[in-house]
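Trainee: Before I use the labels on this model, I would like to understand the reasoning behind them.
Mentor: Then let us go through them one by one.

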Amino acid sequence: MLIKTRDNMKLIDIRMLSIKEERLIVRRYILEGTYGFNFFFSRNTIELGNYENEEEALKELDEIEDFFRENPNGIYKMPTYANTDKIK
């Protein structure tokens, strides 16, 4: 599934989406995409957005799922309210 980052700078063929909880100073939920092949020492992930609570992250994941169900060959553009897009 092709997903364009919120800054329009990357178009990535994502193989899997996941939400992970991060607890540093504040708790946040990260929508993370896995692309390419995973090797032993590399995760090949990109942070597509981070959210203040789990419900917001799940809502975005549901929107992506609905989009690709209706448009199997489409390109999903991450909304600008998703906070980051850094490659790890």
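Trainee: Why is F67 called partly exposed?
Mentor: This is a predicted model, and in it F67 has a relative accessible area of 22%. Buried means under 20% and exposed over 50%, so F67, with its 22%, falls in between and is called partly exposed.

Trainee: What makes F68 count as buried?
Mentor: The relative accessibility of F68 is 13%, and because the limit for buried is under 20%, F68 counts as buried.

Trainee: Why is the pair of F67 and F68 called edge-to-face?
Mentor: A pair of aromatic rings is described by the distance of the centres and the angle of the planes. For F67 and F68 the centres are 5.1 Å apart and the planes stand at 85°; rings pair within 6.5 Å and planes over 60 degrees apart count as edge-to-face, so both conditions are met.

Trainee: How do you know that F67 and Y76 are edge-to-face?
Mentor: Their ring centres lie 5.4 Å apart, with the planes at 65°, and because that angle is over 60 degrees, the label follows. F67, F68 and Y76 together form one aromatic cluster, and Y76 is itself buried, with a relative accessible area of 8%.

Trainee: What makes I75 eligible for a surface patch?
Mentor: I75, which lies in strand β5, has a relative accessible area of 44%, and patch residues need over 30%. I75 forms a nonpolar patch with L2 and L11, with about 250 Å² of accessible area together.

Note on methods
Residues numbered from 1 in each chain as written. Predicted model: local features only at pLDDT ≥ 70, side-chain atom pairs only at ≥ 80, totals over all residues. Heavy atoms only, no water. Patch = residues over 30% accessible without salt bridge, like charges linked within 9 Å, V, L, I, M, F, W, Y side chains within 5 Å. Areas by Shrake-Rupley, 256 points an atom, 1.4 Å probe, with all protein chains shown as cover. Salt bridge = Lys/Arg side-chain N within 4 Å of Asp/Glu carboxyl O. Helix = DSSP H or I, 4+ residues; strand = E, 2+ residues; numbered from the N terminus. Buried < 20%, exposed > 50% of the residue type's maximum accessible area, 1.4 Å probe, protein only. Phe/Tyr/Trp six-rings, centres within 6.5 Å; stacked < 30°, edge-to-face > 60°.
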